[in-house]
Amino acid sequence: MTSTKSATAQACANIALVKYWGKRDSALNLPAASSLSLTLDALRTTTTVTFDDGLTGDEFELDGQAAATGRLGPWLDLVRKRADITTFARVVSENNFPTASGLASSAAAFAALAVAATEAAGLSLGRTELSELARRGSGSAARSIFGGFALMHRGERCDGTDCVAEELLARDEWPLRMVIAVVGGGKKKSVSSRDAMDHCAETSPLYQAWIGCVAKDIDDASSAIMSRDLSALGAVTQGSAMAMHAAAMASRPPVRYWQPSTLRCLDAVEALQESGLHAYPTMDAGPHVKVLTNEEHCEEVATGLRQLEGVSGVIISHAGPGAHLLPSAE
Ligand code: PMV
C-alpha cells in the first residue's frame, strides 16, 4: 500500500516598492541589495503538495494543465533533504491571475509551496525559515511569506541564513491600495526576471549605480511607512522602479519590458498626480503598470487607466495576508 501526505496553502503575490534586481550569489539566490514590498490580496496562488510513495518522479499541474517541473524538482529536494525523506511529490497549483506575465507569479508560487510542502513533509518551520526556503525558489517569494509591508534583508552571511524577509507593518495598519493595469493581455513575458537581472549585472553600465541607490531608498521607504507618509513612499516607489528599468534598458543587448501602452499608463498616472491625486507607478519584469494609491483615490485611478488603449484589465488590490495553510479538502 502506498502512503501519501498532503497539505494545501495559499499565498499572495507582492509588488516591490523598492525593487530587487541583481544577485550576490546565484546558487543560493542571494540578492545584491535589500528590497521592500506590499503583499497584494487580489493576486493569489493556491497550492496542494502531496508526497506520494507511488510516484516515480515529481509531477506539476498549473492552472489545470500538466507543466514542466523545471526549478520545482531541485527546490523540492531542499525540503526532502531537510525532512530526511526521498518521496516524490505531486504539486497542483492555481493562480487567480495570468501566470509569468510580470504579475509576480513566482513570488506567490514559491511562498505557497514553502508552506504547503514543509507541512506535507512533516516539518514545522517558523516564518523566518519559510522565508529563507521560499527565497531559494524565487527571491521575491521570501517577501510573500509575510503580509502587509515586507522588508527583505540583503544579509551578509555567505550561507544566506540572514537573507530573509520580515514584516515591517501589518496590512490593516495602513490601508493603501495597488491599482494594476494589465497591459498586453497578460501574455507570457519574453525574458524572465532571473535571466534579465543576471544579464543586466553583467552588461549594463548603469547596474552599479542602480545597486548604489537601493540602501537609501530602503531607509526612506521604511521611514515613510512608519510615518504613514504616502507622498514620500510614492516618490521612492516611482524612483526605484524607474532606476531599475533604466539599468535594465542600458543592458547590452537591452532588456525592455515597456510597450506603447505602458507609456500611455505612465502618462495617465502623471496627469492624475498633477490633478492632486496620490498615484505612484511601479513596474516589474513585464509591461504592466502598478499604481500605489490610497482608499480614497483608487477608483479614480482605476477609471483613468481602464479607458486607455492596450489596457486589457484593471485590478484594484488591498494589502494581503502572509502565506498560510488552508484546511485540507479531505
Ligand atoms: O523573484 P524574481 O526572481 O522573480 O525577481 C523579481 C524581480 C522584480 O519583480 C522585477 C522586482 C521585485 O523586487 O519583485
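How far does a polar side-chain atom of Asp284 lie from an oxygen atom of the ligand, and what is the distance in Å? In this predicted model, the answer is 3.1 Å. The protein buries 93% of the 380 Å² that the ligand exposes when taken alone. Here's a quick tour, starting at the ligand and then moving out to the overall build and two individual residues.

**Around the ligand**

- The ligand has 14 residues around it, and Tyr20, Ser138, Ser140, Arg143 and Ser193 are the closest.
- Arg143 puts a polar side-chain atom 2.8 Å from one of the ligand's oxygen atoms.
- Ser193 also shows up here: an N or O atom in its side chain sits 2.9 Å from an oxygen atom of the ligand.
- Sorted by class, the shell is a mix of six nonpolar, five polar and three charged residues.
- Both domains chip in, with at least three shell residues coming from domain 1 (4-171) and at least three from domain 2 (177-318).

**Overall build**

- The protein is built from ten helices and 14 strands.
- Laid along the principal axes, its C-alpha atoms take up a box of roughly 65 × 40 × 40 Å.
- The radius of gyration is 19 Å, which agrees with the value near 20 Å that a compact globule of 330 residues would have.
- As for burial, 55% of the 330 residues count as buried.

**Gly155, in a loop**

- Look for Gly155 in the loop that runs between strand 8 (149-152) and strand 9 (165-169).
- Despite that loop position, Gly155 counts as buried, because its relative accessibility is 12% and the cut-off is under 20%.
- Ten residues along the chain from Gly155 you reach Ala165, and the C-alpha atoms of these two residues are 9.9 Å apart.

**Ser222, in a helix**

- Ser222 belongs to helix 7, which covers residues 214-226.
- With a relative accessibility of 16%, Ser222 counts as buried too.
- Its side chain doesn't go without a partner: the side chain of Ser222 reaches the backbone oxygen of Ile218 at 2.7 Å.

Technical notes:
Residues are numbered from 1 along each chain as its sequence is written. This is a predicted model: local features need pLDDT of at least 70, side-chain atom pairs count only at pLDDT 80 or more; totals for chains, interfaces and linings use all residues. Side-chain values use heavy atoms; hydrogens and water are left out. A residue is near a molecule or strand if one of its heavy atoms lies within 4 Å of it. A polar contact is a pair of N or O atoms within 3.5 Å; within protein, one must be able to donate a hydrogen and the other to accept it, and residues adjacent in sequence count only if both atoms are side-chain atoms. Accessible areas come from the Shrake-Rupley method with a 1.4 Å probe; for residues, only the protein chains shown count as cover. Ala, Val, Leu, Ile, Met, Phe, Trp, Tyr, Cys and Pro count as nonpolar, Asp, Glu, Lys and Arg as charged, and the others, Gly among them, as polar. Domain bounds come from an automatic or database domain assignment. Helices (H or I, at least four residues) and strands (E, at least two) are DSSP runs, numbered from the N terminus. The radius of gyration is taken over C-alpha atoms; the globule rule is 2.2 Å times the number of residues to the power 0.38. Buried means under 20% relative accessible area, exposed over 50%, partly exposed in between (1.4 Å probe, protein chains only).
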